[in-house]
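Grab your viewer and load the model. Below are a few exercises, each followed by a solution that goes step by step.

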Amino acid sequence: MHIDVACSNERAIRVDGMSAVLHSAADLDLARATGFSECVITLRRALTTTPAGWILAVWFCWDIVPNTALFRWLGTAALVWAFSLWTLQDVIKKGSLLERHRTRLHLVAGLDGLAWGLMAWFLMGHSLVLDATLMALLCGVIAINAQAYATYPVAYYRQICTILAVSVVGLLIHVANQKSATDYAAGLTVFITLIAYYTHEMSKRLLEGFRLQRANASLAERLHLALQKVELDAATDALTGQGNRRALEEFLKQQESLYRSSGKPFSILMLDIDFFKAINDGHGHMTGDEVLRVFARRMVEYLRPTDFCARFGGEEFVVVLPGTAMIEAREVAERLRVNVAQAPLLEAPVIHVTVSIGVATFMPKQTLPDLLATADARVYTAKNAGRNQVHS
């Protein structure tokens with residue numbers, strides 16, 4: 001016996017642990033998807049500032065770099081920039097889905113890295129001072145882009161690796177002073193390595209933040225649903241699914257307030273199933289409970305969506321009819337009485353019931369207890385008069 005319990009507990013722990021792992025993995029996947037979407041939006045915004053970097057490069061290179069080389073680089077960068085903006089806008093329009101668009105974002109990152117890396121091919125090798133200035137500009141661009149790619153660093157790694165590869169080859173080919181070219185390449189490698197490391201750490205914290213945010217949102221939603229269920233349970237009769245006394249009191253207070261402010265009438269019907277004790281005594285309480293459930297369902301079928309039905313106690317029910325005066329309320333009561341009596345509530349065993357109904361309309365000098373007492377007195381009048389009647 002003890003072994004069975006221990007095994008059962010162990011299985012429960014394994015199931016709970018696996019559930020937690022799967023839940024955590026799902027949260028992480030959602031965090032990555034959120035990070036991807038954020039990256040696309042941020043990168044599009046960052047690309048709109050890219051021409052500022054071109055202006056700086058042109059300013060530094062003017063009268064030093066041949067115009068042909070300068071405009072070739074600008075033309076290449078402009079084509080990449082236009083294509084990248086169009087691609088990102090299309091991705092955003094289609095929903096920024098990670099599984100569907102990750103390749104397109106990687107393409108944008110690689111092409112952007114290529115455009116900036118080509119600075120070493122077209123613009124460097126003409127002046128040692130200019131080379132140092134352009135390297136500083138390139139490092140600034142890399143640092144700025146780290147923020148844009150922070151929520152999806154994989155694409156950033158593609159960009160900076162492309163910048164590094166293209167720049168190093170360009171430096172070694174086009175910078176005449178090989179020592180300077182080697183120094184620049186080594187410095188750029190160290191800078192990119194460090195910024196990739198710090199971007200990775202920052203990205204982990206951001207993704208964890210997204211994961212926690214989603215987990216908190218999910219917890220808040222579950223708590224909200226749980227509170228709604230508690231409120232519903234507190235206002236619902238467990239047997240019939242209709243309102244309980246507490247819910248009835250609240251609804252009547254609302255109707256009284258509406259009547260006092262606007263004069264809009266309301267009426268109530270108090271219904272009592274005739275000879276219900278005989279059903280319990282003859283068929284048992286389980287059958288009696290089923291009769292109450294079916295009776296409540298049949299009543300609701302003939303009421304308006306705005307009407308309110310509550311179990312008042314035992315076999316008694318109260319129906320509140322908003323915006324209804326006495327004549328209309330009596331018509332509703334008669335319709336309910338006929339529909340209950342004309343067909344059996346249960347088929348096995350076959351059980352017919354009738355109902356006695358008291359009708360009361362709220363009057364200016366009444367209180368809610370007075371209203372209920374009036375309807376209750378009319379129910380007893382109906383019963384004393386032979387049952388299966390409506391009295392108002």
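**Exercise 1.** Which side chain meets that of Arg337 in a salt bridge, and at what N to O distance?

*Solution.* Keep in mind that this is a predicted model.
- Step 1: look around Arg337, and you'll find its salt-bridge partner is Glu334, at 2.5 Å from N to O.
- Step 2: place the pair. Both belong to helix H12 (residues 326–341), and because they are three residues apart there, about one helical turn separates them.
- Step 3: check the cover. Buried means under 20% relative accessible area, so Arg337, at 15%, is buried. Glu334 has 30% relative accessibility, so it counts as partly exposed.
- Step 4: look for shared partners elsewhere. Asp90, Lys94 and Arg104 are joined into one network by salt bridges.

**Exercise 2.** Take the salt bridges Arg311–Asp237 and Lys277–Asp281. Which one links distant parts of the chain?

*Solution.*
- Step 1: get the count. The structure has twelve salt bridges.
- Step 2: inspect Arg311 and Asp237, whose side chains meet at 3.5 Å, N to O. This pair links distant parts of the chain: Arg311 sits in strand E2 (residues 308–313) and Asp237 in the loop between H8 and helix H9 (245–262), 74 residues apart. Both partners are buried.
- Step 3: now take Lys277 and Asp281, with their closest N and O atoms 2.8 Å apart. They're four residues apart in helix H10 (residues 276–283), about one turn of the helix. Lys277 and Asp281 are both exposed.

**Exercise 3.** Which helix supplies the largest share of the largest nonpolar core?

*Solution.*
- Step 1: find the core. It has 58 residues, and Trp73, Leu105, Leu123, Ile142 and Leu171 have the most contacts inside it.
- Step 2: list the contributors. At least two residues each come from helix H1 (2–47), helix H2 (50–61), helix H3 (67–93), helix H4 (98–117), H5, H6, helix H7 (153–174) and H8.
- Step 3: pick the top one. H6 gives ten residues, the largest share.
- Step 4: zoom in on Leu171. Skipping neighbours within four places in sequence, its contacts are Ala120, Met124, Met135, Ala181, Tyr184 and Ala185.
- Step 5: don't stop there. A second, separate core has 30 residues, including Ile279 and Val355.

**Exercise 4.** Is His126 buried, partly exposed or exposed, and what does it contact beyond its sequence neighbours?

*Solution.*
- Step 1: locate His126 in the loop between helix H5 (119–122) and helix H6 (128–148).
- Step 2: read its relative accessible area. The value is 39%, so His126 is partly exposed.
- Step 3: leave out neighbours within four places in sequence, and the contacts of His126 are Ile64, Val65, Pro66 and Asp131.
- Step 4: check one long jump. His126 and Val65 are 61 residues apart along the chain, yet their C-alpha atoms are separated by 6.4 Å.

**Exercise 5.** Which residues join Leu194 in a nonpolar surface patch?

*Solution.*
- Step 1: find Leu194 in helix H8 (residues 178–234).
- Step 2: test its exposure. At 47% relative accessible area, Leu194 is partly exposed.
- Step 3: add the other members, Val190, Tyr197 and Tyr198; together with Leu194 they offer about 450 Å² of accessible area.
- Step 4: set this against the whole chain, which exposes about 21,000 Å², with 62% of that supplied by carbon and sulfur atoms.

Notes
Residues are numbered from 1 along each chain as its sequence is written. This is a predicted model: local features need pLDDT of at least 70, side-chain atom pairs count only at pLDDT 80 or more; totals for chains, interfaces and linings use all residues. Side-chain values use heavy atoms; hydrogens and water are left out. Patches are made of residues with over 30% relative accessible area and no salt bridge: like charges are joined within 9 Å, nonpolar side chains (Val, Leu, Ile, Met, Phe, Trp, Tyr) within 5 Å. Accessible areas come from the Shrake-Rupley method with a 1.4 Å probe; for residues, only the protein chains shown count as cover. A salt bridge is a side-chain nitrogen of Lys or Arg within 4 Å of a carboxyl oxygen of Asp or Glu. Buried means under 20% relative accessible area, exposed over 50%, partly exposed in between (1.4 Å probe, protein chains only). Contact means heavy atoms within 4.5 Å. A nonpolar core is a set of buried Ala, Val, Leu, Ile, Met, Phe, Trp, Tyr and Cys residues joined through side-chain atoms within 4.5 Å.
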